Amino acid sequence: MKTIISVAGARPNFMKVAPLHTAFQKYADTFRHLIVHTGQHYDPTMSKVFFDDLDLPQPDYYLGVGSGSHAQQTAKVMVEFEKVVEQQRPHLVVVVGDVNSTVACSLVSAKMGVPVAHVEAGLRSFDRTMPEELNRLLTDALADYLFVSEPSGVHNLKREGVDEKKIFLVGNVMIDSLISHREKAKQSTILHDLELTPLGYALVTLHRPSNVDIKEGLEKILTIFERLTARTTIVFPVHPRTKKMFSRYTMEKRVDSIKHLKLLEPLGYLDFLHLMEHAQLVLTDSGGIQEETTYFGIPCLTMRENTERPITVEVGTNHICGLDADGIVRKSFEVLDGTAKNGSIPELWDGKASERIANILFQQLHD
Ligand code: UD1
C-alpha cells in the first residue's frame, strides 16, 4: 500500500483535490489517500461549504494555521505539516495550485525526501510582485511530477530546464469538478433567491492585493460599479480580504449607495457555478474563474495586467483588461451589446484530468 497525502489550504484548492480524491479511489487497493487541510482558509463560507458541496470527506488532518503575514502563514504550515509527514511517512505528497500552503508543503516534503506532485504546474504570469508567481516557481522547482493544464505550462517548464520526463500535460482538474457538479448546481435556488434572471446580471469577484489592498484600487472598482450598474445588475460575493479593506478605508457608505449592486457573503461552490453559468459577463481578478468562464463560454473581463493562464485568452472567452476603469467599462458595454468574441474549450479540459493523473501515478509508484 502506498500512502499519498493531498494538501488543500485555501478556497481554490478544494475543487482541485476533490476530483483527485475520487480518481485515487479507483486504485484503493494500491493507494491510501489522505487529505490534509492546512486551515489557511477557515471561515465556514471559505472552507466547510466546499467540503459539503463537493462531497469531500472530512480531512484526515486539520492544521489550523489561519491568517498571518506571508512568512508567518508559510512557516506555520511548514511546522505543522512536518509533523504529519513524520507520522505518516507518505510515498508522495500532492499539492495543487499556487497558494502559500502549496509552497510550504512542497518544501517540507522535498526536504524530507518525499516526492512531490504539483497539479497545475508550469503556469507563469511573469510578474514576481504576485505572491502566487513566487509560489508557482518554487513549487515547480521542488516537484518530481509536474501535471500541467495547458500547453503554455509545458513550454515554460522546458524553458526553465525541467526534465521533460517529469512533465505531463493532463488537462485541468478544476474543470473535472465543474463537469461533475454541473448537474447538481442546476438545482441551486440562488437565481430565484436573489430575484435574478438568466443573462440579467454581471457577476464580480475581486480579492487580489494589487486591486483591493490600496485605496485607489478600491475607488476604481467602485467607479466601475457605479457606471456598469446603469446598464445591468451586479452580483458581488465579497471575499473577506476585500470586505476588510472596504472597512479599513471607510468606503462602506459609498458601496451601500450603489443601486443595483447586490453584495453577498462568499458563496458555496454549487451556487457560484450556477451564477457563473447564467451570467451575462464575469468581471474578476481570480485565476480559476478565468478558466471556468472559458469552459462555460461566458465572457470574462480579467482585472489584471497579465494572466498565467494564456489559453483562456487565446482560445477561450477571457479578456485581460488591466486596471483601467474606462477600458473595463467600455469592454463591459461591448459585451452587453453582444459584440464580444466567442471562445472554445481548450483541449484536454474534458473532465478526465484527475483520472489521467491517477493512472500516471499508479504506473510510476507501482512496484
Ligand atoms: C489566498 C491565496 C490566493 C487565492 C485566494 C483565494 C496566497 C498567497 N493567496 O489569498 O492565491 O487566490 O486565497 O481566496 O496563498 N480571511 C478570512 N477568512 C478566511 C480566510 C481569510 O477572514 O477563511 C481574511 C483574513 O483577514 C486574511 C485575509 O482574508 O488576512 C487574506 O487571507 P489569505 O489566506 O492570506 O489570502 P487570500 O487573499 O485569501
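**Figure 1. Arg254 and its salt bridge to Glu226.** In this predicted model, Arg254 is partly exposed, with a relative accessible area of 30%. The side chain of Arg254 meets that of Glu226 in a salt bridge, with an N to O distance of 2.9 Å. This pair links distant parts of the chain, for Arg254 belongs to helix 12 (residues 252-256) and Glu226 to helix 10 (residues 215-228), 28 residues apart. Glu226 is likewise partly exposed, its relative accessible area being 34%.

**Figure 2. The salt bridge between Arg182 and Glu277.** The side chains of Arg182 and Glu277 form a salt bridge in which N and O are 2.7 Å apart. Because Arg182 lies in helix 7 (residues 173-185) and Glu277 in helix 13 (residues 269-277), the pair ties together parts that are 95 residues apart in sequence. The partners fall into two classes of accessibility: Arg182, at 26% relative accessibility, counts as partly exposed, whereas Glu277, at 18%, counts as buried. The assignment of Glu277 rests on the cut-off for a buried residue, which is a relative accessible area under 20%.

**Figure 3. A buried salt bridge, Arg124 with Asp140.** Here the side chains of Arg124 and Asp140 meet in a salt bridge, with 2.9 Å from N to O. Arg124 is in the loop between strand 5 (116-119) and helix 5 (131-142), while Asp140 is within helix 5, so the contact ties together parts that are 16 residues apart in sequence. Arg124 is buried, with a relative accessible area of 3%, and Asp140 is buried with a relative accessible area of 3%.

**Figure 4. A network of salt bridges.** The structure holds 26 salt bridges. Side chains of opposite charge can pair when their charged atoms come close. In the network shown in this view, salt bridges link Lys16, Asp98, Glu120, Glu133, Arg136, Glu291, Arg304, Glu308 and Arg309. One of these residues, Glu291, is also among the buried residues of helix 14, which is the subject of a later view.

**Figure 5. The ligand and its surroundings.** The ligand is surrounded by 18 residues, of which Gln40, His41, Asn100, Glu132 and Arg241 are the closest. Three of the polar approaches to oxygen atoms of the ligand can be described in turn. A polar backbone atom of Asn100 is 2.8 Å from an oxygen atom of the ligand, a polar side-chain atom of Glu132 lies 2.5 Å from a ligand oxygen atom, and an N or O atom in the side chain of Arg241 is 2.7 Å from an oxygen atom of the ligand. Taken alone, the ligand exposes 750 Å², and the protein buries 89% of that area. The space that the ligand takes is the largest pocket. The elements that give two or more residues to the shell around the ligand are helix 3 (70-88) and helix 11 (240-248); helix 11 gives the most, with three residues.

**Figure 6. Helix 14 and the residue that follows.** Helix 14 (residues 288-296) is largely enclosed by the rest of the structure, because nine of its nine residues are buried. The buried residues of helix 14 are Gly288, Ile289, Gln290, Glu291, Glu292, Thr293, Thr294, Tyr295 and Phe296, a list that holds charged side chains such as those of Glu291 and Glu292. After helix 14 comes Gly297, whose phi is positive, near 75 degrees.

**Figure 7. The contact between Thr284 and Thr205.** Thr284 is placed in strand 11 (residues 281-284) and, at 0% relative accessibility, counts as buried. The side chain of Thr284 makes a polar contact with the side chain of Thr205, at 2.7 Å.

**Figure 8. Positive phi at Arg89 and His260.** Most residues other than glycine have a negative phi. Arg89 has a positive phi of about 45 degrees although it is not a glycine, and its place is in the loop between helix 3 and strand 4 (92-96). Arg89 is partly exposed, with a relative accessible area of 46%. His260, another residue other than glycine, has a positive phi near 65 degrees and is found in the loop between helix 12 and strand 10 (261-264). His260 is partly exposed, its relative accessible area being 49%.

Terms used:
Residues are numbered from 1 along each chain as its sequence is written. This is a predicted model: local features need pLDDT of at least 70, side-chain atom pairs count only at pLDDT 80 or more; totals for chains, interfaces and linings use all residues. Side-chain values use heavy atoms; hydrogens and water are left out. A salt bridge is a side-chain nitrogen of Lys or Arg within 4 Å of a carboxyl oxygen of Asp or Glu. Helices (H or I, at least four residues) and strands (E, at least two) are DSSP runs, numbered from the N terminus. Buried means under 20% relative accessible area, exposed over 50%, partly exposed in between (1.4 Å probe, protein chains only). A residue is near a molecule or strand if one of its heavy atoms lies within 4 Å of it. A polar contact is a pair of N or O atoms within 3.5 Å; within protein, one must be able to donate a hydrogen and the other to accept it, and residues adjacent in sequence count only if both atoms are side-chain atoms. Accessible areas come from the Shrake-Rupley method with a 1.4 Å probe; for residues, only the protein chains shown count as cover. On a 1 Å grid over the protein atoms alone, a cavity is a set of points where a 1.4 Å probe fits but cannot get out, and a pocket is an open set with protein on both sides within 12 Å along at least five of seven lines; lining residues have an atom within 4 Å of a point. A molecule sits in a cavity or pocket if more than half of its atoms lie within 2 Å of its grid points.
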